[in-house]
Every structure is written in C-alpha cells, then in structure tokens.
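Here's a quick tour of two local pieces of one model, a helix and a small set of strands. Have the coordinates open as you read.

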Amino acid sequence: MQKLKIDDLVEYYHYKSLRDNDKRASIILEEFQATIGVHYDFVLTGEKPISLEYEIIKHISELNSLRYKYGTESLYYKILHELIKLYHYNFIMDIREAVTKIGNLTDYSLEDNLIKKILLSPVIDDISSKPDSFKIFSEEYGIFEFMRFSEIFKNNKDVMKYINENETAGRCHMNVEALSSIFPKYYTISSLLESYYEGYYYHSYTYNQCENLVIDASSRIVCSKDDYDRLMCPQEIMRIKNSKLSKYFKKIDRYSRNTYEVSNVFGVALMMQLKKMNRKDRKILAREINNS
C-alpha cells in the first residue's frame with residue numbers, strides 16, 4: 001500500500017466526491033425522465049461551474065436547472081423532489097447556493113426575479129432584501145442574515161478593487177489568499193463541507209475573530225460565525241492568522257511535488273489536513289483510495 005499523499009486528498013475529497021455526486025444526479029435525471037416519459041436536451045445558460053470541472057458536474061447542473069423549471073404545484077416538481085429526497089439530497093445546499101447567487105448579483109433590478117426562482121426550493125420559505133443586507137427564512141433550517149460585501153467594504157479601496165476586477169464565485173481559496181494581505185490580523189479558515197448527496201468539498205473563508213464575523217468573498221457576504229457555522233456545518237482543517245500565512249506557503253513543497261496552481265492557501269490546507277490525520281485514519285483512507 002502506497003503512502004498517503006496530499007494529491008490523494010485532492011483526488012478523494014475533491015474529484016472523487018464531484019464524480020460520485022454527479023453520478024447520483026445522473027441516476028435521478030434518468031429515473032425522472034423515464035417516469036414522466038419526457039427526454040430533455042439540456043442547453044445550460046447563465047452561470048456555469050469553473051470550466052475545468054464543468055464536465056465532471058454537468059448532471060448536477062442539469063438537475064438543478066430542472067428543479068427551478070416548474071412551479072411548486074406542478075406534478076413534475078413533486079415527482080422530481082420526491083426522487084431527490086429518495087437519493088438523500090442535502091437540502092441545505094439550496095440555501096448555500098441561494099446566498100452565493102444573491103451575494104454575487106450586480107444588477108439589483110434582477111433581484112426580484114432571482115428571489116422568485118430561489119423560492120421554488122422546498123426549504124426556502126421567504127427572503128427579505130435590503131440595500132445592505134438580506135435574510136433567508138427556512139422553517140426547516142432557521143433564519144440566516146447576511147450583510148452585503150460591497151456595502152461593508154465600500155470604503156476599502158483594496159477590497160473593492162479585488163472584487164471588481166476578479167470573478168469571486170467558485171474561487172474561495174484564491175479569494176482568501178488575496179484578502180490575507182489586506183487583513184493581516186484576520187484568519188484564514190479552510191474546512192470540509194458536506195456536499196450535495198455524499199462526500200465533501202473544500203471551502204476557504206476569512207474570519208474576523210474580534211467581531212466574530214465570517215467574510216466569504218466567494219459568496220460576497222459577511223455574517224456572524226454562528227450563522228455561518230449553522231449553514232455550512234464545517235469540519236475545520238486549517239485556521240491560520242493571515243500575517244503568518246506566507247511562512248506556511250514556503251513549506252508546501254516538502255509535502256508535495258506541486259505547489260497548487262489553484263492557490264497556495266489550498267496547498268497549505270491540504271498539508272495541514274494530512275498532518276492532523278493519525279496513522280490509523282491514513283491507513284483507512286489509503287485503503288479506500290486503493291479500492292475505489
């Protein structure tokens with residue numbers, strides 16, 4: 001059995017998880033189309049996942065497009081959501097994705113239509129919106145309040161320059177690395193979050209410990225860490241003060257042949273995750289990887 005490496009963590013927790021979740025979505029799509037006797041030719045428009053990973057999760061994207069196609073009283077809607085429940089969909093993902101969509105919206109004239117679409121989720125009961133914040137109400141999961149990134153940091157030229165010049169959605173590790181130099185007294189946290197149907201995905205965000213606030217540039221929101229933890233249920237693998245991050249960047253190559261082109265932060269998080277694992281857990285994971 002080969003020794004567990006950082007690259008194995010990426011393969012198992014990232015790529016394998018994406019493939020497994022997409023496979024589940026593919027099965028649901030097939031069963032749904034067979035049940036209603038309709039075949040869909042999907043042409044997805046609007047927001048897409050990061051291009052390199054689009055093919056891996058195309059069935060998830062296709063399924064999501066159907067989920068918001070029909071009204072809640074439609075028979076198709078009811079059949080589809082019963083299937084999703086049957087395959088153990090993690091419905092809190094609806095709220096996470098709603099936060100990112102609302103937070104990243106730049107044309108507020110489109111917000112009413114976006115909210116109307118989001119409210120087709122069976123776990124989102126209402127959304128209230130203000131110029132500087134918004135709330136999501138869920139009978140099942142509770143109330144979540146978010147401050148808008150652009151309002152909180154409108155007087156911070158460095159932050160505004162970064163978010164105005166960069167795509168932030170789906171680039172969490174790069175975002176926190178950029179913010180680390182702007183906010184040296186804050187912390188960078190990387191965690192594993194439960195995914196759509198099974199497995200996990202990695203996510204990084206910035207933490208202002210003094211005010212107990214999370215700054216998530218990927219979703220362009222700021223909120224209390226208590227609310228954020230209720231929404232994300234994170235399994236924290238790394239927490240480092242931003243002023244000390246660069247010291248860890250220099251150590252990445254000791255643990256892997258590659259410094260991750262995606263982000264040095266991601267490389268450090270993987271290094272810390274591997275370092276924290278005891279021998280027994282490493283063996284179990286290595287065995288799972290070898291057998292998958």
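## Strands and a helix

A hairpin takes strand 1 into strand 2 by way of 3 residues. Keep in mind that this is a predicted model. Strands 2 and 3 make a hairpin too, with 3 residues between them. Here is how the pairs line up:

| Pair | Direction | Bridges | Residues |
|---|---|---|---|
| strand 1 and strand 2 | antiparallel | 4 bridges | 126-129 and 133-138 |
| strand 2 and strand 3 | antiparallel | 6 bridges | strand 3: 142-148 |

For a feel of the register, look across from Ser128 and you'll find Lys135 of strand 2. Further on, Ile136 sits opposite Phe144 in strand 3.

Now for helix 14, which covers residues 279-291. Does its length add up, and what span should 13 residues give? At 1.5 Å a residue the helix should span 18 Å, and its end C-alpha atoms are indeed 18 Å apart, so the two agree.

Which residues of helix 14 are buried? They are Leu285, Ala286 and Ile289. Looking down the axis of helix 14, you'd see these buried residues fall within an arc of 105°, so they line one face of the helix. What they pack against is helix 1 (6-36). Flip to the face turned away from that buried side and you meet the exposed residues Lys280 and Asn291.

Lys280 also turns up at the N-terminal end of helix 14, where Asn278 acts as the cap: a side-chain oxygen of Asn278 lies 3.2 Å from the backbone nitrogen of Lys280.

Technical notes: Residues are numbered from 1 along each chain as its sequence is written. This is a predicted model: local features need pLDDT of at least 70, side-chain atom pairs count only at pLDDT 80 or more; totals for chains, interfaces and linings use all residues. Side-chain values use heavy atoms; hydrogens and water are left out. Helices (H or I, at least four residues) and strands (E, at least two) are DSSP runs, numbered from the N terminus. The expected span of a helix is 1.5 Å times one less than its number of residues. Buried means under 20% relative accessible area, exposed over 50%, partly exposed in between (1.4 Å probe, protein chains only). The arc is that of the directions from the helix axis to the C-beta atoms. Contact means heavy atoms within 4.5 Å. A polar contact is a pair of N or O atoms within 3.5 Å; within protein, one must be able to donate a hydrogen and the other to accept it, and residues adjacent in sequence count only if both atoms are side-chain atoms. Two strands pair if DSSP finds at least two bridges between them.
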